[in-house]
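Q: I am new to reading protein models and would like a close look at one part of this one. Please go through it step by step, and put that part in the setting of the chain.

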Amino acid sequence: MGNSKSKNRKSASPEREEEAEQLTQQQIEAVQETWKTVKQDLRGFGVKFFVRIFDIAPGAQQIFKKFNEVPKEQLADNPEVQKHAMNVMEAIGSAVDSLDDLEALTPVLLDLGAKHVQWDVQEKHFDIVGQSLLETLAEGLADAFSPDVKQAWTTVFNSVAHAMKLGMRNEREQ
């Protein structure tokens, strides 16, 4: 991207404090524009996203008490998976809609991270979630998932994950 404030990185580090501040207006617009396509089939994207998480890391399904014993081949049709997928996709949508106001979004993400401690979510799980999200977007957006769009989504995910991890750490320290 031509913006001098943006660093052209293949892999953004979620550990950097300034990560959210490096999100450019061009990246925000790319994410918000591609999200319009995702919203047309929110449930489909969400279910594919979760099934992909469990393909990448089969043990991750054990975290989800409402569907941890559902056979893999039945996950996509399971009402609890569909419900949770919709909740997560709606939360992602709220974050996407709030990218223009990161100051207001950050406390929400910190709180969301803190809530994930009760479900025994670990920081290492974010790598799996990020991989699944990017792969699901790549599949669903097809040609619209250009290298610039991928970088924009990577930066957004890393920023969200960073804030949530910080919220998890704060919760565990209390």
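What follows takes up helix H2 and what surrounds it. Which residues of H2 are buried, and what covers them?

A: Start with the model itself, which is predicted. The mean pLDDT of the chain is 88, and 88% of its residues reach 70 or more. Residues 1-21 should be read with care: pLDDT stays under 50 there, and the model has 35 contacts beyond four places in sequence for this stretch.

Next, the setting. The chain has six helices and zero strands, so in order from the N terminus the elements read α-α-α-α-α-α. Of the 174 residues in the chain, 44% are buried. Among contacts with a separation of 6 or more, 74% join residues 24 or more positions apart.

Now the part you asked about. Helix H2 covers residues 42-56, which is 15 residues. At 1.5 Å a residue, H2 should span 21 Å, and because its end C-alpha atoms are 21 Å apart, the two values agree. The buried residues of H2 are Leu42, Gly44, Phe45, Gly46, Val47, Phe49, Phe50, Arg52, Ile53 and Phe54. What covers them includes helix H1 (25-39), helix H3 (79-97) and helix H5 (125-141).

One contact can be followed from H2 outward. Phe45, a buried residue of H2, is in contact with Leu137. Leaving aside neighbours within four places in sequence, Leu137 also touches Val38, Ala142, Phe145 and Trp153.

This leads to the largest nonpolar core, which has 46 residues. Those that touch the most other members are Trp35, Val38, Phe54, Met89, Leu137 and Trp153. Phe54 is also on the list of buried residues of H2. The elements that give two or more residues to this core are H1, H2, H3, helix H4 (102-116), H5 and H6. H6 gives the most, with ten residues.

H2 also has a part in the largest pocket, where about 1200 Å³ of space lies. There are 39 lining residues, and the closest to the centre of the pocket are Phe50, His84, Val88, His116 and Met164. Phe50 is one of the buried residues of H2. The elements that give two or more residues to the lining are H2, H3, H4, H5 and H6. H3 has the largest share of the lining, with ten residues.

Two other helices help to fill in the picture. H4 has 15 residues and reaches 21 Å from its first C-alpha to its last, close to the 21 Å expected at 1.5 Å a residue. Its buried residues are Leu105, Leu109, Gly113 and Ala114, and they pack against H3 and H6.

Helix H6 runs over residues 147-173 and includes Ser159. The cut-off for buried is under 20% relative accessible area; Ser159 has 11%, so Ser159 counts as buried. Ser159 and Leu109 are 50 residues apart in sequence, yet their C-alpha atoms are 9.7 Å apart in space. Ala161 is found in H6 too, and Ala161 is buried because its relative accessible area is 1%. From Ala161 to Val129 the separation is 32 residues in sequence and 9.4 Å in space, C-alpha to C-alpha.

To return to H2: its buried residues are covered by elements that include H1, H3 and H5. H2 gives two or more residues to the largest nonpolar core, and also two or more to the lining of the largest pocket.

Definitions and conventions:
Residues numbered from 1 in each chain as written. Predicted model: local features only at pLDDT ≥ 70, side-chain atom pairs only at ≥ 80, totals over all residues. Heavy atoms only, no water. Helix = DSSP H or I, 4+ residues; strand = E, 2+ residues; numbered from the N terminus. Buried < 20%, exposed > 50% of the residue type's maximum accessible area, 1.4 Å probe, protein only. Expected span 1.5 Å × (residues − 1). Contact = heavy atoms within 4.5 Å. pLDDT = per-residue confidence, 0-100. Core = buried A, V, L, I, M, F, W, Y, C linked by side-chain atoms within 4.5 Å. 1 Å grid on protein atoms, 1.4 Å probe; cavity = no way out; pocket = protein on both sides within 12 Å on 5 of 7 lines; lining within 4 Å. Points joined across faces, edges and corners; volume = space filled by probe spheres on them.
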